[in-house]
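This report describes one cavity and one surface patch. The sequence and structure are shown first.

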Amino acid sequence: MPRRRLLYRAMKAGFWAFAIRGIGRAMTITRTLILARLLAPTEFGLMGIAVVVMLLLDRLSQTGFTEALIQREGDIDEYLDSTWTIEIIRNVILAGLLLLAAPLVAMFYVAPELLPILRVLAISVVVRGFTNTGVVAFRRALEFDKQFRFELSQRITEVVVGIAAAIILRNVWALVFGVLASSVVRVVMSFVLVPQGRRLEFNRAKARDLFSFGKWVLVSGVMTYFVMNLDDLVVGKLVGVAGLGLYRMAFTISQAVATELAQVTNQVTFPAYSQVQGSLARLTSAYRQTLHAVAFLAFPAALGVFVVAQDFTAVVLGEHWLPMVRALQIMSIGGLIRSLGATAAPLLNATGNPKMAARYVALKLFVLASLIYPLAVTNGLSGAAAATAIASLVSTVGTLRRVSIVLKRSWLETVRPMLFPALHGTITALAIYGVRSMFAPESGWIPLAAMIAVGAAVYTVVVQVSARRLGYDDAVQLWASIKGLRAAS
């Protein structure tokens, strides 16, 4: 019964986490598509550079305390005030560094418009530092219904303010004001959902205790930053601000599913794995279910984006975004690979191997750093996209092999849960391509809608056929197991 309750809690948390990321991502994508009609690629490029710089400073000073608190057994209340104090100090210092770096960044990218943008965004950095650290309990206790309200309020604010400002201003400041408003709401909601107040306190022993675990999260976070943003830094310099706007738009669309799967996987499985880390059988079962669920969603989404990329870009975004199509297709495959690899890090961290997880991030960074410049110089946006996809492939193969060692299973047995979803996704992509060939060379809302409808129908059918004819218990069995666990709880 305790085991079933934990599994059901993890599944319930997964539902809320998917709701958080799914609804939030849907809102973000909707906002992006609307803003793509109102703003030029240059505006997105300017904001992209600002965000990359902010994230760099953030990752270089990451404490890893949140992950340490989630992984820690027992009561964590005594640590929250010290953590809150450290976060405030950290964010004030970050804001100061951002102000100092602003002129240099504007000079490096030959974009003087960046100077006031970075100065205003420094305010949002300070504001976010006052977020109530008690919200970490939502993830730790798998209370993702509360996390849902916490994150959704921020997304709604950013979307509403961003669109309203874009209609009025028609420039990059619409994006800036959206981020600033979201930061304010984040702090307010953290104290609404966790009424317990915080007080300034610094306990060196407690901070040292948390950092003993969090230091590897810091190392991994810094390397992950460069893995995720090195291509932006290079593209922004080599191709220009407008090229970076195209590149980031392609990334946003192609990674819509992959990014959310990676985030949900980390948020839900890390605390769940931490609670069953003493049982190899339960860890193995939980990981296989996770890998299956990620593959079940990622393959059709990524392959579908690959096929409809040109039609979607022309119809939804407009003709001026078409130069990004090839990069969008390559990124969709890279996102698929990345979402599968993202299932490994939570398990390695939960079993006390954050150092091992950091090593594979380092491997990915090494491959990316070796390829990004030559490929971007010779092939522009598509070359940069290819470099990220290759780096993801190398890292994912390595991390999945490490998982098989931790679980004491063969590599083929470890990755088997994703084989049927791969087959289903491929069949679906071929069906979509067939529909596209029927309408070619025409492009419009009707052909695009037909491709999406056929893809959804074909995927549903092949999943059902596999379940009933081949005995492969995909979506049908997964739903049945969830209902059984719910009844048992």
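## Cavity lining and surface patch

The lining of the second largest cavity has 6 nonpolar, 5 polar and 3 charged residues. The model is predicted, local features need pLDDT of at least 70, side-chain atom pairs count only at pLDDT 80 or more, and totals for linings use all residues. Residues are numbered from 1 along each chain, and side-chain values use heavy atoms.

The whole structure holds 3 cavities of 30 Å³ or more. A cavity is a set of points on a 1 Å grid where a 1.4 Å probe fits but cannot get out, and its lining residues have an atom within 4 Å of a point. The second largest cavity encloses about 130 Å³. Its 14 lining residues include Phe251, Gln255, Arg338, Thr388 and Ser392, which lie nearest its centre. Helix 9 (204–238), helix 10, helix 13 (325–341) and helix 15 each give two or more residues to this lining.

Gln255 sits in the loop between helix 10 (241–254) and helix 11 (256–275). Its C-alpha atom is 8.6 Å from that of Gly334, 79 residues apart along the chain.

Val397 is in helix 15 and belongs to a nonpolar surface patch of about 430 Å², with Leu393, Trp411, Leu412 and Leu419. In such a patch, residues have over 30% relative accessible area and no salt bridge, and nonpolar side chains are joined within 5 Å. Helix 15 (354–406) and helix 16 (411–415) each supply at least two of the patch residues.

The classes below are buried (under 20% relative accessible area), exposed (over 50%) and partly exposed (in between).

| Residue | Relative accessibility | Class |
|---|---|---|
| Gln255 | 4% | buried |
| Val397 | 37% | partly exposed |

Note on methods:
Patch = residues over 30% accessible without salt bridge, like charges linked within 9 Å, V, L, I, M, F, W, Y side chains within 5 Å. Areas by Shrake-Rupley, 256 points an atom, 1.4 Å probe, with all protein chains shown as cover. Salt bridge = Lys/Arg side-chain N within 4 Å of Asp/Glu carboxyl O. Helix = DSSP H or I, 4+ residues; strand = E, 2+ residues; numbered from the N terminus. Buried < 20%, exposed > 50% of the residue type's maximum accessible area, 1.4 Å probe, protein only. 1 Å grid on protein atoms, 1.4 Å probe; cavity = no way out; pocket = protein on both sides within 12 Å on 5 of 7 lines; lining within 4 Å. Points joined across faces, edges and corners; volume = space filled by probe spheres on them. Nonpolar A, V, L, I, M, F, W, Y, C, P; charged D, E, K, R; others polar.
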